[in-house]
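Trainee: I should like to go through the terms used for this structure and see how each one is justified.
Mentor: Then let us set each value against its definition.
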Amino acid sequence: MAIALASTALFFAVIVVVVVNSAGWPEVKQAFFNGEIFDESFPEIRSAFLINVKIFCIAEVVILFTALGLAVLRSLPGPVFFPIRLLAIVYADFFRGIPTILLIYILGFGIPALQLEGVPTDEMFWGTVALVLVYTAYVSEVYRAGIESVHPSQNAAARSLGLSHGQSLRYVVIPQAVRRVIPPLLNDFIGLQKDTALVALLGVIEAFRQSQIDVASTFNYTPYLATALMFLIITVPMTRFTDWLIARDRKRRQAAGVAA
Amino acid sequence: MTEALRLAGVHKSFGKLEVLRGIDLAVEEHEVVCLIGASGSGKSTLLRCVNLLERVDAGRIVVLGDEITASGVDVNRIRRRIGIVFQAFNLFPHMSVLENVTLGPRKALGVPRAQAEEEAAALLERFGLADKRDEYPDRLSGGQQQRAAIVRALAMKPDIMLLDEVTSALDPELVGEVLDVIRDLAAGGMTMVIATHEMGFARETASRVCFLDEGVILEEGPPAQIFSTPREPRTQQFLQRILQARRL
């Protein structure tokens with residue numbers, strides 16, 4: 001422990017000394033680490049970040065259900081359901097294949113331009129829809145891996161009791177699958193939280209857009225740093241939490257292996 | 001006597017591998033039929049076909065007058081009348097013993113929770129698992145898990161029980177407690193088809209023993225005859241090998 005601490009301290013001390021003594025440091029310090037500008041822009045960026053929080057909170061709740069639905073459709077057995085399975089596969093391939101940024105542009109500018117009656121024209125709405133579509137494809141693959149990791153004998157045991165395919169999924173397979181996929185699922189959500197910054201491209205004034213505005217008015221990059229800090233405040237604890245879940249899961253499985 | 005189960009000309013292949021090659025078998029109510037034979041002779045596949053976990057390729061299976069291999073049959077309704085217990089227990093690891101036992105009655109039969117739990121508690125009591133009702137499967141010994149799996153099947157009040165090598169995954173000292181449960185069921189008149197490697201148990205409990213070899217029932221008869229004076233050379237060989245293995 002002490003050795004780790006000392007080595008870490010030394011490592012960062014060396015980096016700091018090298019950076020601070022570099023030729024360009026005074027300019028960089030002025031452009032990126034300006035305390036005054038930070039204090040000025042931070043409150044605005046913090047309130048703009050609430051938009052990001054709102055987007056990913058709504059998107060995550062929706063994705064939890066749409067992705068599970070997609071995974072279930074893809075696991076339907078028998079030749080009758082082939083068209084549905086095919087559609088689910090095409091969906092997952094398409095939305096994982098298309099760059100998120102393009103989809104945000106296409107939906108955010110394309111659909112309001114159609115001027116359809118009753119269809120929302122709000123940029124934030126379409127930006128969120130684009131994120132939901134893309135991340136549903138990713139998260140459904142995570143769910144699917146979870147469903148496939150549950151041994152077929154579990155399904156056989158449930159079906160042998162006279163439970164239908166749906167009941168077997170609902171009570172036996174999915175509860176076990178979801179437990180196993182929580183870590184990778186949270187991992188995708190960390191990606192989603194960062195990608196909320198892409199909605200700025202539609203003109204939504206969220207944290208990233210707000211910092212661009214501040215940068216443009218001060219000719220100083222410090223507001224970007226403030227935005228980065230906001231994202232880190234949210235994503236780092238979630239990353240740590242995910243790793244903790246993974247470690248706990250591994251420990252449990254090892255304990256179960258010993259017992260069996 | 002009423003016929004509980006009849007198989008006529010049942011065939012089943014997995015790809016090119018023909019596992020069942022024309023099985024004919026009739027089981028009366030309250031009969032205990034033991035299936036013996038080497039691994040891969042088709043015992044498990046036969047049981048899984050009766051429970052419609054596998055679809056037969058040809059032939060008919062009739063359960064208490066219902067042809068279950070007919071097209072358009074409601075498989076869930078059939079399975080509710082047939083209990084199956086697996087070699088690997090297959091308890092649901094995320095549910096307590098009580099939840100394992102009540103899931104079928106509650107969700108497949110629509111029994112109210114209170115009633116299902118009361119009936120489950122009575123069954124667990126009967127098979128010495130009353131104090132394990134709130135435990136999760138991984139906290140139980142293999143023998144306890146298998147007894148819980150039997151109770152789970154019994155909770156559906158099945159007409160027929162299928163037991164697929166239910167002691168094969170157990171430590172030797174735990175085999176006895178599970179066999180005791182099956183003897184208890186046999187004494188109670190439960191119709192059972194049992195795939196087993198426990199020859200002593202088959203000899204003493206079975207009303208009839210069937211020897212499976214390469215996907216057909218080569219020989220069947222009362223246990224005394226099969227074990228003492230088997231007709232077929234293949235049966236003699238099989239029993240000889242079992243006897244030798246026991247001596248080692």
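Mentor: Two strands pair if DSSP finds at least two bridges between them; strands are DSSP runs of E of at least two residues, and helices are runs of H or I of at least four, numbered from the N terminus. The model is predicted: local features need pLDDT of at least 70, side-chain atom pairs count only at pLDDT 80 or more, and totals for chains, interfaces and linings use all residues. Residues are numbered from 1 along each chain as its sequence is written, chains are lettered from A and ligands numbered from 1 in the order in which they are written, and side-chain values use heavy atoms, without hydrogens and water.

Trainee: Why are strand β1 and strand β4 of chain B said to pair?
Mentor: Strand β1 (residues 3-14) and strand β4 (residues 58-63) of chain B share 5 bridges in the antiparallel sense, and the definition asks for at least two, so they pair. One of the bridge partnerships joins B:His11 to B:Ala58 in β4(B).

Trainee: What makes β2 and β5 of chain B edge strands?
Mentor: In the open antiparallel sheet of chain B, the order is β2-β1-β4-β5. β2 (17-28) and β5 (66-67) of chain B each pair on one side only.

Trainee: Which pairing does the sheet β6-β7-β8-β3-β9-β10 of chain B have?
Mentor: The pairing in this open sheet of 6 strands is mixed. Within the sheet, strand β3 (residues 32-36) and strand β9 (residues 208-213) of chain B run parallel, joined by 4 bridges; B:Cys34 has B:Val209 as its bridge partner in β9(B).

Trainee: How do you know how helix α5 of chain B runs relative to β6(B)?
Mentor: Axes are lines fitted to C-alpha atoms, for helices over the stretch in contact (heavy atoms within 4.5 Å), and angles run from 0 to 180 degrees between N-to-C directions. Helix α5 (residues 142-154) of chain B lies across β6 and β7 of chain B at about 170° to β6(B).

Trainee: What is the area buried between chain B and chain A?
Mentor: About 1,600 Å², with 62% from carbon and sulfur atoms; buried area is the accessible area (1.4 Å probe) that two parts lose on being put together, summed over both. B:Phe92, B:His94 and B:Lys107 supply 32% of the area that chain B buries against chain A, more than any other three residues.

Trainee: How many salt bridges are counted between chain B and chain A?
Mentor: The count is 0, so no side-chain nitrogen of Lys or Arg is paired across the contact within 4 Å of a carboxyl oxygen of Asp or Glu.
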